[in-house]
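Trainee: I should be grateful for a close look at one part of this model, namely its sheet. Please describe how the strands are arranged and what the turns between them look like.

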Amino acid sequence: MANEANEQETGVQRGMADVVAASTRLGNIDGIQGKLWYCGYDVIDLAQYGSYEETVYLLLHSKLPTIQQRDTFERELGRYRRMNPGLLRLLCNLPGAPTPMEALRTVVSAMSAVDPSPMDKSRQANLRRAMRIIAQMPTIVAAHWRLRQGEEPLSPTEELGHAANFFYMLHGHAPAEVEGSILDMCLTLMAEHELNASTFAVRVVASTLSDLYAAFTAGLGALNGPLHGAANTEVMKMLLEVEQTNNIDGFVRGALTAGRRIMGFGHRVYKTADPRATFLREVLSELDGRLPGVHWLRLAEQIQDTVFKYKELYPNVDFYAAPALYGLGFPMEMFTAIFACARAAGWGAHVLEQYDDNRLIRPTTSYVGEIGRVYVPIAKRG
């Protein structure tokens, strides 16, 4: 209540709610209608009819590619996937037991040390850097996980698309067509989402004219919080817990009564259903068992219906991305890192957009502390 009263007096918007902090041509959300566009294209159309590579191209170039441009772009991404041997050694020698996000954050930051043209600050050089980071993040995540399991990392291949290659580097075999399609859709749906916490962190760092590696490292740090990208892992933990108890109604009522947050529900921007969650639920429902582990979807649907019955809350994309990724054989400890690999496209595009028309992002605060306090020498303090 004290914070609310202070907001009214000072005009402060806690959490910068509804504060316009940037202009962009990238992501656009209509939270009332439940719509999301990338560069003017409905995200559902991109996920249903396009590919993640097309989406990356769109975000980086503000237009969809022709067939020739797409093919050239896919070949470039394929060539960028292989990690520098020094970075692979760094990954192998990280002390302790870092999580996938901690490992990813460390290695992405270290990529600056092996930049082939560190002094070139041109837009074309920054575009190549963005593509290099986007291409290598799945390689880093998959290699780290295999090392944790005592297995040798697999070299990326240029023969598979971005999503299929990610699947291959983790599992050691190419995905079935339906598996590759679902993973590609998940990556596309999570590629960009306007000025969320991690994207804002990316743009703040870019506004200082720091490099892309620093900006991406900031984004990874922000995404790793449980109120942002880590929510998908918590959703899967919840599904596992509910399956054990086999009491959906009791779990939901117990959580709501205790004031616990049910992860994967509600959104700061959407006031209705998250279109990405709705689409993913429909796609998974149509598979009728062709996707391994699709039974997790049935459980998620029952939880969604129960939560809506008691609280009228809608699920967000994390809620259905979690069972989708788990059904594809990705361990839940990797979920946030997979989210980061997808969102890398949006981050890269936002950095380039910030550089193109830069002004240092420097908001102000409303001071609510004391004024005019008298300094007392330490010997005289009681």
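Mentor: Two strands are taken as paired if DSSP finds at least two bridges between them. The model is predicted, and on that definition three of its strands form an open sheet in the order S1-S2-S3, with antiparallel pairing. Strand S1 (27-30) and S3 stand at the edges; each has a single partner strand, so one side of each is left without a neighbour in the sheet.

Consider the pairing of S1 with S2. These two strands run antiparallel and are joined by four bridges. Asp30 has Lys35 in S2 as its bridge partner, while Gly27 stands opposite Tyr38 of S2. S1 and S2 make up a hairpin, with four residues between the strands. Gly34, in that turn, has a positive phi of about 70°.

The pairing on the other side of the sheet order involves S2 and S3, which also run antiparallel. Two bridges join S2 to S3; Trp37 has Asp42 in S3 as its bridge partner. This hairpin has two residues between the strands.

Cys39 deserves separate attention. Its place is in the loop between strand S2 (35-38) and strand S3 (41-42), and its phi is near 50°, a positive value in a residue other than glycine. Most residues other than glycine have a negative phi. Cys39 has 16% relative accessibility and therefore counts as buried, the cut-off being under 20%.

A second residue offers a useful comparison. Asn246 also has a positive phi without being glycine, here near 55°. Asn246, however, lies in the loop between helix H12 (231-245) and helix H13 (248-257). With 70% relative accessibility, Asn246 counts as exposed, whereas Cys39 counts as buried.

There remains the question of the faces of the sheet. In a regular strand the side chains alternate between the two faces of the sheet. In S2, Leu36 and Tyr38 make up the covered face, and Lys35 and Trp37 the uncovered one. The bridges can be read alongside this division: Lys35, on the uncovered face, is the partner of Asp30, and Trp37, on that face too, is the partner of Asp42. Tyr38, on the covered face, is the residue that Gly27 stands opposite.

In summary, S2 is joined to S1 by four bridges and to S3 by two, with a positive phi at Gly34 in one hairpin and at Cys39 in the other.

Key
Residues are numbered from 1 along each chain as its sequence is written. This is a predicted model: local features need pLDDT of at least 70, side-chain atom pairs count only at pLDDT 80 or more; totals for chains, interfaces and linings use all residues. Side-chain values use heavy atoms; hydrogens and water are left out. Buried means under 20% relative accessible area, exposed over 50%, partly exposed in between (1.4 Å probe, protein chains only).
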